[in-house]
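Here is a short tour of how some helices pack and where the nonpolar side chains gather. Keep the viewer open as you read.

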Amino acid sequence: LQQQEAGRLQMQQQLQQQWQQQEAERLQMQQRLQQQEAENANRQAYDILRAGQEAEEEQHRQEQRDREQQERLEEALREYDNPASQQQHEDDEERRRTQEQERRRQCDAEDDENINQAPVRNIPIPDGAQPYTEPIDRHTLGPLNVECPNCHAMHFACERLTKSSARNPRFGTCCLEGKVDLPPFPAWPLELQQAYGNRAFVSKIRQYNSALAFTSVGVTIEDRALQGSGPNAFHIHGSLHHLMGSLIAPEGIRPSYAQIYIYDPEHATDIRANRPGNENLDRRILRELHDMLYRSHPYVALYKQAYQVMMEKPPEQHTEVRARIHFQQGTDGRRYNLPTADEIAVIIPGDGSEEVTDKRDIVLRLQGGQLQRISQLSHAYSTLHYVLLFPSGEEGWHLGIPLNIPQGRRTRSKEVTQLLYYAFRLHP
């Protein structure tokens, strides 16, 4: 009995020790949970405080912008109401009109001299400069009512291929007898559809597109008149190309084109609306189109991502750093799915010493440097400039679009050329 009692007491002590150990572990767990709850509460309080500070800073920046805009407006009104300024403006206008009249008189005198000297010097007069004479016999192509059996484009009857019949006509200028098979353009966003119903917008659509484009147009123009009495001609020396600059405008220069997309929508709209030549554009339409492109055009996200990647570099490297938008390989060139930023390109940072051999890539610079050309072989050549025609970043013509060639049939080319692409797109 004494042994049993001693064993019972020993068992009771062991159980009591186990209970005390479990109780200590429970208290430690409870302390850790309380500590985590305190940390979470502190973190939430910090986040709330930080969000409030950011909201106050943003409000302060907005108030500062509003004050600056109001000051500019008041200064412009004071200058407008100043009699001396009005008199100077009228004098400038009078001087400009006088210079324009003098220039026109000189041009007319030169044209008359060229006309008088043309027979003597035997200078050929272009067809566009010949005096117009009403033709005796009129020629008509007939109605535009013959449909292509492949792409359903409308044609004149005389446009059919000679090897086809009038009952079963076939055409090559539209789709190359079905070899060019491109998907239709996707539907435009609702904001753009509504804008095209506005006559004021349509009459200034080139200005709106230029204000929202990522790239500018580079071309050498000669504004001379042809010999004789014909209409003025638009002369281009060299080729028409698209240009892009750095993502940060030089000091003292207003941001333009792609540089504007790194700003918040309200500030970006202010910059566009206040640029010289855009005073007659509707600010509300500019803001709606900016929001539309920000939401639907993938290159907005790509450019902002490239800007953020390059801004992470040290400040002394900002004039040398580059980011390359590299297009992925292996996609079907004929498809027309709406692209995403992750699907069509990746951002590859560098220091500017890399050699870019793929003309489809787009190299962006953060700061400094001259304007760079975009190769017409790039997928983004059209969509970066004609943003109101390609509002969702649709690819234009590029290398690698296959022809729809029947199996076993030989052909000189297996890809859609630039001429075939635009002939297909522009046929009614």
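In this predicted model, helices α5 and α7 pack with their axes 11 Å apart and at an angle of about 50 degrees. An oblique arrangement is counted outside the ranges for roughly parallel, antiparallel and perpendicular, and α5 is therefore oblique to α7. The two helices make a right-handed crossing.

**The α5 and α7 contact**
- On the α5 side, the contact uses Tyr-208, Ala-211 and Leu-212.
- Facing them in α7 are Ile-285, Leu-286, Leu-289, His-290 and Leu-293.
- Sorted by class, this contact holds seven nonpolar residues and one polar residue, with no charged ones.

**The α6 and α7 contact**
- Helix α6 covers residues 265-274 and helix α7 covers residues 283-296.
- Their axes come within 10 Å and cross at roughly 130 degrees, so α6 and α7 are oblique to each other.
- The crossing of α6 past α7 is right-handed.
- From α6, the contact draws on Pro-265, Glu-266, Ala-268, Thr-269, Asp-270, Arg-272 and Ala-273.
- From α7, Arg-283, Leu-286, Arg-287, His-290 and Asp-291 take part.
- By class, the contact of α6 with α7 includes six charged, four nonpolar and two polar residues.

**The nonpolar cores**
- As useful background, nonpolar side chains tend to be buried together in soluble globular proteins.
- The largest nonpolar core has 33 residues, and those touching the most other members are Phe-201, Tyr-208, Phe-214, Leu-289, Tyr-303 and Leu-388.
- At least two residues of this core come from each of α3 (190-196), α5 (205-212), α7 and α8 (298-311).
- With six residues, α8 gives the most to this core.
- Another core, of 15 residues, lies apart from it and has Cys-175, Trp-397, Ile-401 and Leu-403 among its members.

**A closer look at Tyr-208**
- Which residues does Tyr-208 touch, not counting those up to four places away in sequence?
- They are Phe-201, Leu-281, Asp-282, Ile-285, Leu-286, Leu-289 and Leu-388.
- Tyr-208 is also one of the α5 residues that meet α7.

**The chain as a whole**
- Ten helices and eight strands are found in the protein chain.
- Of its 428 residues, 27% are buried.
- Among contacts in the protein chain with a separation of 6 or more, 62% are between residues 24 or more positions apart.

Note on methods: Residues numbered from 1 in each chain as written. Predicted model: local features only at pLDDT ≥ 70, side-chain atom pairs only at ≥ 80, totals over all residues. Heavy atoms only, no water. Axes fitted to C-alpha atoms, helices over the stretch in contact; angles between N-to-C directions. Helix = DSSP H or I, 4+ residues; strand = E, 2+ residues; numbered from the N terminus. Parallel < 35°, antiparallel > 145°, perpendicular 65-115°, else oblique. Left-handed = near helix turned anticlockwise from the far one by under 90°. Contact = heavy atoms within 4.5 Å. Nonpolar A, V, L, I, M, F, W, Y, C, P; charged D, E, K, R; others polar. Core = buried A, V, L, I, M, F, W, Y, C linked by side-chain atoms within 4.5 Å. Buried < 20%, exposed > 50% of the residue type's maximum accessible area, 1.4 Å probe, protein only.
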